[in-house]
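Hello,

Here is the structure I promised to pass on to you. Have a look at it first, and my notes follow below.

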Amino acid sequence: MSRRKKRFVDLFAESGQAVASVEKAGYSPRRSAEIAKEFLKDPAIIAAVEQRTRLASITRPEALMRLTQIGRSSMQSFLEVVTTPTGEQVRINLTTEEAQENLHLIKSVTQQRYTMQTADGPVEVVETGIELHCAMTAIDYILRLLGEYPAQKVDYTTNGQSINTILDLGRVAQQLGIADQDVARFVMAVNAAVQTLPSESSPDTPETTAPAAAAA
């Protein structure tokens, strides 16, 4: 594979933009769309892109490590104490080495600007706020990945009763999240399954008594 094709593979695996990747790889912009179509039909290039994507994907250990960092995160990495004429104040500082190493823990950053009147005239004030990713959510994900929660067994269909006693299959379908247009098909499938169920009488003593309607 040529150097430019390898460059295309790297760019496309990262961005998913075929035409733009062709151009950035050094091919003619006039033929970029045509070349992109050719590359996307090339088995060797597709295989290289898939391999590159697998190598770049997050592994299970890395996912656990990232979630662990979030679960243990705190604002301390982004705060500093400064001395002002009115005393010591705590402010957010995202430029320190520790803050730069932990920027991935931040979910969002907000800023608010306003003008404050002082004895020396108006002063523009900028207030910065940060929100970290939820530590409790990260811990919950970790426990789920590690299988620490007991299995939850929920009966959504019969509520512990024989399926022959179900009267409202529409309600059951709704509980199962079945789309409205598929409810009729669901009911038919359940009815068909019920017909195949064995009789409640003992298999060793087959029922011989004729139904009342027939006997009459």
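**Strands, a helix and a pocket**

Strands S1 (residues 79-84) and S2 pair in the antiparallel sense over 6 bridges, where pairing asks for at least two DSSP bridges between two strands. Strands (E, at least two residues) and helices (H or I, at least four) are DSSP runs numbered from the N terminus. Leu-79 stands opposite Ile-92 in S2, and a hairpin of 2 residues joins S1 to S2.

Before going on: this is a predicted model, in which local features need pLDDT of at least 70 and side-chain atom pairs count only at pLDDT 80 or more, while totals for chains, interfaces and linings use all residues. Residues are numbered from 1 along each chain as its sequence is written, and side-chain values use heavy atoms, with hydrogens and water left out.

S3 (residues 106-118) and S4 also run antiparallel, joined by 12 bridges. Val-109 has Ile-130 of S4 as its bridge partner, and a hairpin links S3 to S4 through 2 residues.

In helix H3 (residues 32-40), the buried residues (under 20% relative accessible area, 1.4 Å probe, protein chains only) are Ser-32, Ile-35, Ala-36 and Phe-39. They sit on the same side of H3 because they cover an arc of only 105 degrees around the axis, taken from the directions from the helix axis to the C-beta atoms.

Strand S2 (87-92) and strand S4 (121-132) each supply at least two residues of the lining of the largest pocket. A pocket here is an open set of points on a 1 Å grid over the protein atoms alone, where a 1.4 Å probe fits, with protein on both sides within 12 Å along at least five of seven lines; lining residues have an atom within 4 Å of a point.

Best wishes

Terms used:
Buried means under 20% relative accessible area, exposed over 50%, partly exposed in between (1.4 Å probe, protein chains only).
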